[in-house]
Amino acid sequence: LFLPATWTPTGQDLYPVVVFLHGAGDGKFSVMNSQSLPRLLDSDQSTSFDPRRCWCLDKAYEQVLAKREAPASVPEPFLQDDEALRSPLADCGFAANFPAITLMPQGWLPDKPTGWTHDLLEKVVRLTKKTLRTYRGDPTR
């Protein structure tokens, strides 16, 4: 659960609610490590390969190249082609300015790779309704 910086327990404002179905197509390495919503909403954007809390690049490095990821039908993880990631590798101010309550349930676990089943999605609906009530989510947005 992510609550916007402006949210307070005693406030009156209603907030939009975003449901990010974690594990639903966000697995592309270049997306996960630069633009994934859970990563951007985390104040500690460090990774297993870089311990810095935030590692925004200077504007001169925005056009980072990486090996193109291989399609699922190919056994190798990457192709020999380069592609521009077209984004900075982090946005250190994103969470401080993100205006929505955000739920990020996980749709799979390594020992249970079932994905988003009907039963799991029903749980997400119940969780979303409870979040709307408990945290003043705006059901119209």
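Modeller: The expected span of a helix is 1.5 Å times one less than its number of residues. This is a predicted model, in which local features need pLDDT of at least 70 and side-chain atom pairs count only at pLDDT 80 or more, whereas totals for chains, interfaces and linings use all residues. Residues are numbered from 1 along each chain as its sequence is written, and side-chain values use heavy atoms, with hydrogens and water left out.

Colleague: How far does helix α4 reach from its first C-alpha to its last?

Modeller: Helix α4 (a DSSP run of H or I, at least four residues, numbered from the N terminus; strands are runs of E, at least two) covers residues 118-134. With 17 residues at 1.5 Å a residue, its reach is close to the expected value, namely 24 Å.

Colleague: Which residues of α4 are buried?

Modeller: Buried means under 20% relative accessible area, exposed over 50% and partly exposed in between (1.4 Å probe, protein chains only). H118, D119, R126 and R133 are exposed on the other side of α4. The buried residues pack against β1 (17-19) and β4 (101-103), contact meaning heavy atoms within 4.5 Å. These buried residues are V124, T128 and T131.

Colleague: Why are they placed on the same side of α4?

Modeller: The arc is that of the directions from the helix axis to the C-beta atoms. V124, T128 and T131 are the residues concerned. They lie on the same side because the arc they cover around the axis is only 65 degrees.

Colleague: Which residue just after α4 takes a positive phi?

Modeller: The phi angle there is about 60 degrees. The residue, just after α4, is R136.

Colleague: Which residue forms a salt bridge with E83?

Modeller: A salt bridge is a side-chain nitrogen of Lys or Arg within 4 Å of a carboxyl oxygen of Asp or Glu. E83, in strand β3, is buried at 12% relative accessible area. Its closest N and O atoms with the partner are 3.4 Å apart. The partner, 15 residues apart from E83 and in strand β2, is R68.

Colleague: What is the N to O distance between the side chains of D82 and K67?

Modeller: D82 is partly exposed at 43% relative accessible area, and K67 is also partly exposed, at 38%. The side chains of D82 and K67 meet in a salt bridge, with an N to O distance of 3.1 Å.

Colleague: Is D138 buried or exposed?

Modeller: D138 meets R141 in a salt bridge of 3.2 Å, N to O. R141 counts as exposed at 54% relative accessibility. At 12%, D138 counts as buried.
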